[in-house]
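Please look over the sequence and the structure shown here before reading the report that follows.

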Amino acid sequence: MRMFNRLEAKLLAKQQIKGNVLTLFLQAIALMIFTKYVYNSNWSGNLLITILILFIFSVFAISLGMLIYEVFRDYNKASNFVDLIVPFFTFISGGYVKVDILGPFVEKISKFSPNYLAQNALFTNIYGGKASDIYFAIAGLTIMSIVFYAVTSVLGRRSYNWVFL
């Protein structure tokens with residue numbers, strides 16, 4: 001019976017992760033469509049690449065959220081931490097002001113910000129640029145997502161193993 005409960009919990013968790021990724025991805029697509037037709041935003045470029053970038057960033061966001069929750073084990077603490085790091089990543093990626101006016105150090109560390117990777121890939125795709133920049137961003141976000149899922153899985157196993165013994 002314990003084995004069945006364990007398998008059932010694992011299947012439900014996988015479905016919840018897929019649902020969260022799909023929900024976030026569909027919100028990004030809806031926002032893209034809304035801004036295109038209401039604000040007349042420029043979403044030209046390869047549409048499939050744009051959709052791929054949005055999907056990978058959705059996967060990344062969910063994996064980061066899972067990792068943060070697994071580290072803190074408390075929804076309020078995890079939420080407060082996310083409230084702190086989101087503006088930080090937005091700032092160093094150039095979401096508030098152009099990064100090059102902040103100095104060379106901030107400009108260098110911004111290149112490793114997930115926000116910068118996604119933003120740079122989207123802008124490169126929309127305005128034309130080197131395809132290698134897009135591939136680098138996609139690979140970086142994918143690798144970070146895989147690492148975050150792996151660490152979350154390891155942390156989850158260590159803390160919950162005793163329940164199933």
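## Helices, a salt bridge and a surface patch

Helix H2 (residues 47-72) has 26 residues, which at 1.5 Å a residue should span 38 Å, and the 38 Å between its end C-alpha atoms agrees with this; the expected span is taken as 1.5 Å times one less than the number of residues, and helices are DSSP runs of H or I with at least four residues, numbered from the N terminus. This is a predicted model, in which local features need pLDDT of at least 70 and side-chain atom pairs count only at pLDDT 80 or more, whereas totals for chains, interfaces and linings use all residues. Residues are numbered from 1 along each chain as its sequence is written, and side-chain values use heavy atoms, with hydrogens and water left out.

At the N-terminal end of H2, asparagine 46 acts as a cap, with a side-chain oxygen 3.0 Å from the backbone nitrogen of leucine 48. After H2 comes arginine 73, whose phi is positive, near 60°. The side chain of arginine 73 also forms a salt bridge with that of glutamate 70, at 2.6 Å from N to O, and the count by this rule (a side-chain nitrogen of Lys or Arg within 4 Å of a carboxyl oxygen of Asp or Glu) is one salt bridge.

The table gives relative accessible areas, where buried means under 20%, exposed over 50% and partly exposed in between, with a 1.4 Å probe and protein chains only.

| Residue | Relative accessible area | Class |
|---|---|---|
| Arginine 73 | 32% | partly exposed |
| Glutamate 70 | 11% | buried |
| Valine 38 | 51% | exposed |

Valine 38 belongs to helix H1 (residues 2-38).

Methods:
Helix = DSSP H or I, 4+ residues; strand = E, 2+ residues; numbered from the N terminus. Polar contact = N/O pair within 3.5 Å; in protein donor to acceptor, adjacent residues only side chain to side chain.
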